[in-house]
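Please walk through this structure with attention to its domains and its ligand. Where does the ligand sit, and which parts of the chain surround it?

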Amino acid sequence: MTTTTSRIPGLHRLTPLERLHKVAEIAGLGPEAVAHLANTGNLDAATADAMIENVIGTLNVPLGIATNLIVDGQEVLVPMATEESSVVAAVCNAARQCRNTGGFTTAMSGSLMIAQVQLVGVSNPEFARLRILEHRAEIEALCDETDPVLRAHGGGFRDLEVRVLAGRSGPMVIVHLVVDTRDAMGANAVNSMAEAVAPCLAEWTGGRPYLRILSNLADRRLARARATWALADIGGAEVRDGILAAFEFADLDPYRAATHNKGIMNGVSAVVLATGNDTRAVEAGAHAYAARSGQYRSLTQWEMDADGNLTGTLEMPLAVGLIGGATRSHPTARIALDILGVSSADRLARTIAAVGLAQNFAALKALATTGIQKGHMALHAKNIAVMAGAVGEEIDQVAREMVAQGRVRVDIAERLLKSLRG
Ligand code: NAD
């Protein structure tokens, strides 16, 4: 397959099917690939076309259900969209092991988002800072007029902050509009407010507004989850001490912390994606928050309580919504929200935090005991079997045999497949 040109004028004006044929011609795709892409599954082409640009198909990711979770006393089934094996099983296992102690207790610091306006070319920035703060009432009115629907739902402007940053080419005045976005993630809502306020800021300060956009470091929208794992339920003191040592390693070492937090995000991003929320927004917020001390650290904390049980906590920004973005436009996301049974963005974020904590427990337990590969093997073996060309029942047969032999490799899968087929 060779692409002859990447210049396709007017591609955006075609229908998804027309685009697909055009791209197939240029990229040299065969009829099977075209038929595969033309089948958009349970996200119809027209809906997909309204979501992003230049649509030619859809990409299905498995949707699994995490069981066993009790969040704030309620039993919840959690839909998770991920391509990675073992992620869903890990949550089920971790959640089962803390059912005896009541599951997860969660909370939320609020639903505040920050929009930033950058002003440059202000000759007296400290003077400008105070002038802006004096206009708080006008700024509040401007923000709230921008989104009367948000206001009607109890949201809107909450606070104003102004900072002066020393830029290379002179000082910058940075204005923060702190906005309660209620059940919306809020990016569009607060971006519009920043754009509405910027001309006035320019007038009051003589500065020039450049960027007007939200901050993904949503540190006024922290989701919190905590749980206790009884020693008897996790396999004893050795397991607990292994988990505590693993946590300490992550909290001291950014190389380990990156992988530790990636494990948390395995769970968090899967629920964020399943519910049609913005995975990159949540990920950017999580990692920026993990580095807030100047050193990138663990998003979770693990300790031992007075009775020797293991306790874990997770605190991270979680800007997710029930309205806006793809949460309503993607039909699968709507059903995922129905399964979760959440009626507010706050509840969704809290459930996601519980999932993140569960995921971290499972990963640390596996790492501190049998190692991560053992749990991965069964599904990994299936993937390898498929890579070797196994189809239908052959996949299980080849995978089982590789696991039994303790050797999961594509060359071995090919050999097993050959002998299976005689
Ligand atoms: P949106 O603008 O589609 O919907 C939010 C709006 O819905 C609110 O402004 C309000 O007018 C209305 N609304 C109705 N009922 C509401 C309720 N109960 N609570 C709150 N609002 C209610 O969506 P959004 O949440 O403003 O923006 C999210 C989208 O923005 C996502 O798709 C995200 O990917 C995208 N985005 C993200 C970034 C970023 O993260 N950096 C930047 C730009 C856009």
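The paragraphs below go from the domains to the ligand and its surroundings.

The model is predicted. The domain assignment divides the chain into four listed parts: domain 1 (1-60), domain 2 (82-109 + 222-369), domain 3 (112-214) and domain 4 (375-420). Domain 2 is written as two segments, 82-109 and 222-369. Between the C-alpha centres of domain 3 and domain 4 the distance is 57 Å.

Two of these domains meet the ligand in number: domain 2 and domain 3 each supply at least three residues to the shell around the ligand. The shell holds 21 residues, and the closest of them are D147, G186, N188, N216 and D278. Sorted by class, nine residues of the shell are nonpolar, eight are polar and four are charged.

The ligand occupies the largest pocket. Two elements, α7 (148-152) and α8 (187-205), give two or more residues to the shell around the ligand. Of the elements, α8 gives the most, with four residues.

Polar atoms of the protein approach the ligand at several points. D278, one of the closest residues, places a polar side-chain atom 2.6 Å from an oxygen atom of the ligand. Backbone atoms also take part: a backbone N or O atom of A189 is 3.0 Å from an oxygen atom of the ligand, and a backbone N or O atom of D183 is 3.1 Å from a nitrogen atom of the ligand. As for surface, the ligand taken alone exposes 870 Å², and the protein buries 75% of that.

Definitions and conventions
Residues are numbered from 1 along each chain as its sequence is written. This is a predicted model: local features need pLDDT of at least 70, side-chain atom pairs count only at pLDDT 80 or more; totals for chains, interfaces and linings use all residues. Side-chain values use heavy atoms; hydrogens and water are left out. A residue is near a molecule or strand if one of its heavy atoms lies within 4 Å of it. A polar contact is a pair of N or O atoms within 3.5 Å; within protein, one must be able to donate a hydrogen and the other to accept it, and residues adjacent in sequence count only if both atoms are side-chain atoms. Accessible areas come from the Shrake-Rupley method with a 1.4 Å probe; for residues, only the protein chains shown count as cover. On a 1 Å grid over the protein atoms alone, a cavity is a set of points where a 1.4 Å probe fits but cannot get out, and a pocket is an open set with protein on both sides within 12 Å along at least five of seven lines; lining residues have an atom within 4 Å of a point. A molecule sits in a cavity or pocket if more than half of its atoms lie within 2 Å of its grid points. Ala, Val, Leu, Ile, Met, Phe, Trp, Tyr, Cys and Pro count as nonpolar, Asp, Glu, Lys and Arg as charged, and the others, Gly among them, as polar. Domain bounds come from an automatic or database domain assignment.
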